[in-house]
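Here is a short briefing for a first look at this structure. Keep the sequence and the model side by side as you read.

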Amino acid sequence: MTAHKDLLYSDDVRLLVGHAYRNVASTRGVVADHLYHSDDLARVPATAVDLALGVADHLSHADIQPGDAILDVGCGAGIDSILAAHRAGPDGKVYALDFLPEMLARTTSAAAEAGLDNIEPVEGEMESIPLPAGSVDLVISNGAINLSPRKARAMAECARVLRPGGKLCVADLTVEQDDLPPEVITHPAAWAG
Amino acid sequence: MAGALAERDFVEKLHRAGFQDIEVAHRQPVSIDVLTLYPLFTDELLALMRRLIPEGKQDAVAVAIVVTATRAL
């Protein structure tokens with residue numbers, strides 16, 4: 001029954017999340033200021049900073065080596081893709097994945113403004129990542145996997161595209177569901193937020 | 001937040017997906033006040049949370065975690 005409910009509502013969740021993120025207002029950088037070091041933010045164009053919606057500075061825990069091929073799952077407006085691209089250097093590459101073309105356009109624009117040519121926008125869903133198996137050294141993600149109604153599938157896809165021995169560094173919110181009132185859990189805004 | 005898992009479930013799903021050396025490298029409690037920074041949390045939802053979640057729990061309605069792992073060989 002649980003599996004049927006999951007599949008039944010997954011399109012609804014995708015539509016809800018897509019609508020929310022297409023229409024999200026600028027944070028004016030307050031989320032980014034809360035999460036990231038100012039030295040890092042200085043390297044990111046304002047357009048990406050203003051729409052940063054992650055939940056942690058996970059890149060401070062990621063061992064990014066020059067030349068790494070990196071996948072950013074749910075790149076949004078690109079703040080983490082840009083920071084990762086700086087660290088991977090000109091011989092590295094960041095595949096910035098998002099299912100919203102509007103967000104990919106923002107990432108592409110911000111990358112150009114930052115003078116980076118090692119970010120490749122990839123339109124697609126984290127549950128079916130359009131990259132070959134074993135093609136990246138590192139998968140990063142910041143507050144995106146929780147938006148998927150099929151997290152196991154999304155995580156399996158992350159594993160698939162990583163080379164054997166490749167690394168994962170992701171940030172997300174966790175909750176003890178019993179601690180949240182049902183009125184909160186079932187509120188439409190709670191899915192995208 | 002509605003789609004968020006408990007930490008143990010998040011880690012277990014990573015394990016089942018083929019990851020090993022799974023480590024929760026960072027944990028940061030997230031308060032309702034912090035959620036106000038995110039435009040995706042509507043005023044209506046935030047008011048609902050303030051009204052329904054006990055005051056003593058409003059400083060940590062969620063925990064942001066950073067997880068590192070290695071894809072098995």
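**Pocket, helix and two loop-out angles**

E1(B) gives the largest share of the lining of the second largest pocket, with four residues. The model is a predicted one. The points below take up that pocket, then helix H6 of chain A, then two residues with positive phi, Arg28(A) and Asp21(B).

**The second largest pocket**

- The volume of this second largest pocket is about 360 Å³.
- Its lining counts 27 residues.
- Nearest the centre of the pocket lie Leu35(A), Val55(A), Ala56(A), Tyr38(B) and Ala64(B).
- Both chains contribute elements to the lining of the second largest pocket: H2 and strand E5 (162-174) come from chain A, while E1 and helix H2 (32-35) come from chain B.
- Each of these four elements supplies at least two lining residues.
- By class, the lining of the second largest pocket holds 17 nonpolar residues, eight polar ones and two charged ones.

**Helix H6 of chain A**

- Helix H6(A) runs over residues 101-113 and has 13 residues.
- How far apart are the end C-alpha atoms of H6(A)? They are 18 Å apart, which agrees with the 18 Å expected at 1.5 Å a residue.
- The buried residues in H6(A) are Met103(A), Leu104(A), Thr107(A), Ala110(A) and Ala111(A).
- Why do these buried residues lie on the same side of H6(A)? They cover an arc of only 125° around the axis, so they share one side of H6(A).
- An α-helix has 3.6 residues a turn, so residues three or four places apart point the same way.
- Ala112(A) and Glu113(A) are exposed, on the face of H6(A) turned away from its buried side.
- Gly115(A) follows H6(A), and its phi is positive, near 75°.

**Positive phi outside glycine**

- Arg28(A) is not a glycine, yet its phi is positive, near 55°.
- Where is Arg28(A) found? Arg28(A) sits in the loop between helix H1 (2-22) and helix H2 (30-35) of chain A.
- Arg28(A) counts as exposed because its relative accessibility is 71%, and the cut-off for exposed is over 50%.
- Asp21(B) is another residue other than glycine with a positive phi, near 50°.
- Asp21(B) belongs to strand E1 (residues 19-30) of chain B. E1(B) is also the element with the largest share of the lining of the second largest pocket.
- Is Asp21(B) buried or exposed? Asp21(B) is exposed, with a relative accessible area of 55%.

Key. Residues are numbered from 1 along each chain as its sequence is written. Chains are lettered from A and ligands numbered from 1 in the order in which they are written. This is a predicted model: local features need pLDDT of at least 70, side-chain atom pairs count only at pLDDT 80 or more; totals for chains, interfaces and linings use all residues. Side-chain values use heavy atoms; hydrogens and water are left out. Buried means under 20% relative accessible area, exposed over 50%, partly exposed in between (1.4 Å probe, protein chains only). On a 1 Å grid over the protein atoms alone, a cavity is a set of points where a 1.4 Å probe fits but cannot get out, and a pocket is an open set with protein on both sides within 12 Å along at least five of seven lines; lining residues have an atom within 4 Å of a point. Grid points are joined across faces, edges and corners, and a volume is the space filled by probe spheres set on the points. Ala, Val, Leu, Ile, Met, Phe, Trp, Tyr, Cys and Pro count as nonpolar, Asp, Glu, Lys and Arg as charged, and the others, Gly among them, as polar. The expected span of a helix is 1.5 Å times one less than its number of residues. The arc is that of the directions from the helix axis to the C-beta atoms.
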